[in-house]
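Welcome! Let us walk through this model together, one contact at a time.

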Amino acid sequence: MKKQYLYTKTIRFWLLTGLIMLIGQVILGGITRLTGSGLSITSWDIITGVIPPMNKQQWAEVFELYKQTPQFHKINSDFTLKQFKFIYFWEFFHRLWVRTLGVIFLIPFIIFVIRKQIDFFLIKRLALVVFLTALTASAGWIMVMSGLVERPWVNAYKLTLHFMLAILTIGAMVKCIADVYLMENKPKKGHTKFVLILLVLTTIQLIIAGLMAGMRAGLYYSSWPSMNGAFIPAVLLDSSNWTLHNLTNYDRFAFAPALVQFIHRMLAYIILILTVYFYHKKRNHVHTGAIKWLTVSYLLVVFQVFLGIMTLLKIKTGIPLVYGTLHQLVGVLYLISLLFLYYSLRNKISIWSKKKLPQG
């Protein structure tokens, strides 16, 4: 029997487009970080910032502003205008993408509300997505400001906050899509609980991943399976190193990067084992709609561990762009697959508005 949706195909496609663009925004953020582009634009102009420098004078002006940053003085003091244009492009594209996302999301949203094609049930969920998107953008600018004062890089903790707000935004959008597509079932006891455990562990792992990126922790221990010859780095075995000072001054001492990378590795092993176990033990005990998401989660987590290892082993002077970007993308996709798996196993969706909507 064909499922009857409460919302039109246009609305469902629009929501999926929004999710894809949110994922793209996170990936572009990762690229700007890996290319060192995040501090290339020193101002935030919502309207005028849509247009990049168009002539030599304008390029000279923005380059001069960049020359006043700690990143230029401490790292890129030998940069030519051509090199500056490269990092400027990625940051500009990152900001342009989020502006485009706002247009693609907000204009149809207003139209759908005026035409009464979406009800309060969906409006309040989409309002949360809009709020989180704005919050993420605000945190992004706070993050950028942290790299324009003393450090030549953005603050790792502020970067992690920015990243996790983006992840929360994606999670809110996934919830909208799961509800609109009426994802539900009557699962056996314990299935959703197990997936929730995986979701909690994965969320913690993403927080650690944000710290990994902000502290550039991969550069400290670029070997596998050991961490420069040891299972536990010696710096972690010295109790005198466990201080708040070492956690906040992560760019002056190896303790915090060592701790973050060690936790990141251990969590990766745990998540891999639990996902593989759940797949092989429960795949014949869940319905068709859930098995596809369970399979996707299984494949993604295996690929993700492989990418994490390859990212470490391919490090030379910095994190390899292709492997680093793929590692971040697959991590986000794995979380999304777990969310859809959870929603496809839930007993029932929230109470729907009784208002009649166009069928699609």
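Which residue forms a salt bridge with aspartate 179, its closest N and O atoms being 3.2 Å apart? The partner is arginine 125. Before we look around this pair, please keep in mind that the model is predicted.

To find the two residues, look for helix H6, residues 156-180, which holds aspartate 179, and for helix H5, residues 120-146, which holds arginine 125. Because the partners sit in these two helices, their salt bridge ties together parts that are 54 residues apart in sequence. Both ends of the link are tucked away from the surface: aspartate 179 is buried, and arginine 125 is buried as well. For aspartate 179 the relative accessibility is 0%, and a residue counts as buried when that value is under 20%.

Aspartate 179 has another partner to show you. It also forms a salt bridge with lysine 175, and here the closest N and O atoms are 2.7 Å apart. This contact stays within helix H6, where the two residues are 4 positions apart, so about one helical turn separates them. Put the two contacts of aspartate 179 together and a small group appears: Arg125, Lys175 and Asp179 are joined into one network by salt bridges that share partners.

How many salt bridges does the structure hold? There are 3, and we have one left to visit. Move to helix H4, residues 81-114, where arginine 95 and glutamate 91 are found 4 residues apart, which means about one helical turn lies between them. These two form a salt bridge with their closest N and O atoms 2.8 Å apart. Are its partners buried or exposed? Arginine 95 counts as buried because its relative accessibility is 6%, and glutamate 91, with a relative accessible area of 5%, is buried too.

Now let us turn from pairs of residues to a pair of helices. Two packed helices are described by the angle between their axes and the distance between the axes. Try this on helix H7, residues 191-215, and helix H10, residues 255-282: their axes come within 9 Å and cross at roughly 155 degrees. An angle over 145 degrees counts as roughly antiparallel, so H7 is roughly antiparallel to H10. The crossing of this pair is left-handed. And what kinds of residues make up the contact of H7 with H10? They divide into 21 nonpolar, 6 polar and 1 charged.

Definitions and conventions:
Residues are numbered from 1 along each chain as its sequence is written. This is a predicted model: local features need pLDDT of at least 70, side-chain atom pairs count only at pLDDT 80 or more; totals for chains, interfaces and linings use all residues. Side-chain values use heavy atoms; hydrogens and water are left out. Axes are lines fitted to C-alpha atoms, for helices over the stretch in contact, and angles run from 0 to 180 degrees between N-to-C directions. Angles under 35 degrees count as roughly parallel, over 145 as roughly antiparallel, 65 to 115 as roughly perpendicular and the rest as oblique. A crossing is left-handed if the near helix is turned anticlockwise from the far one by less than a right angle, and right-handed if clockwise. Ala, Val, Leu, Ile, Met, Phe, Trp, Tyr, Cys and Pro count as nonpolar, Asp, Glu, Lys and Arg as charged, and the others, Gly among them, as polar. A salt bridge is a side-chain nitrogen of Lys or Arg within 4 Å of a carboxyl oxygen of Asp or Glu. Buried means under 20% relative accessible area, exposed over 50%, partly exposed in between (1.4 Å probe, protein chains only).
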